[in-house]
Amino acid sequence: MTQATVELLAKDLDNNGGIHCPSAQADMKLWNNHPRVFLGIAHQGRAKCPYCGTVYQLKAGEVVQGGH
């Protein structure tokens with residue numbers, strides 16, 4: 001299985017600085033879904049889903065604003 005990389009804008013993150021996988025941005029279908037898991041992106045700029053291996057990362061130059 002090839003691992004997908006999804007580039008995100010800061011505005012794609014939720015109020016906690018993360019995203020859930022599976023995600024519509026990863027173009028997942030019903031047949032390849034897995035349990036929903038929260039991935040924190042804001043602090044390190046990237047995270048890898050432990051179920052499917054999809055890597056979510058901020059696009060170059062994106063800055064996450066906020067007090068967290």
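**Five strands, one chain**

The chain's secondary structure comes to 0 helices and 5 strands. This is a predicted model, where local features need pLDDT of at least 70, side-chain atom pairs count only at pLDDT 80 or more, and totals for chains, interfaces and linings use all residues. Residues are numbered from 1 along each chain as its sequence is written, and side-chain values use heavy atoms, with hydrogens and water left out.

Student: What makes a stretch such as E1 a strand?

Tutor: Strands are DSSP runs labelled E of at least two residues, numbered from the N terminus, while helices would be H or I runs of at least four. E1 covers 5-8, so it qualifies as a strand. From the N terminus on, the elements run β-β-β-β-β.

Student: How do you know that E1 and E5 pair?

Tutor: Two strands pair if DSSP finds at least two bridges between them. E1 and E5 have 4 bridges, in the parallel sense, and Thr5 has Val55 in E5 as its bridge partner. E4 and E5 pair too, antiparallel over 3 bridges, with Ala47 opposite Tyr56 in E5.

Student: Why are E1 and E4 said to stand at the edges?

Tutor: The open sheet of 3 strands has the order E1-E5-E4, with mixed pairing. E1 and E4 (46-48) each have a single partner strand, so one side of each is left without a neighbour in the sheet.

Student: Which side chains of E1 are buried, and which are not?

Tutor: Buried means under 20% relative accessible area, exposed over 50%, and partly exposed in between, using a 1.4 Å probe and protein chains only. Val6 and Leu8 point to one face and are buried, while Thr5 and Glu7 point to the other and are not. Across the 68 residues of the chain, 35% count as buried.

Student: What makes a group of residues a nonpolar core?

Tutor: The members must be buried Ala, Val, Leu, Ile, Met, Phe, Trp, Tyr or Cys, joined through side-chain atoms within 4.5 Å. The largest such core here has 15 residues, and those with the most contacts inside it include Leu8, Cys21 and Cys49. Strands E1, E2 (18-21), E3 (37-40) and E5 (55-58) each supply at least two residues of this core.

Student: Which residues is Cys49 in contact with, beyond its neighbours within four places in sequence?

Tutor: Contact means heavy atoms within 4.5 Å. By that rule, Cys49 touches Cys21, His34, Val37, Leu39 and Thr54.
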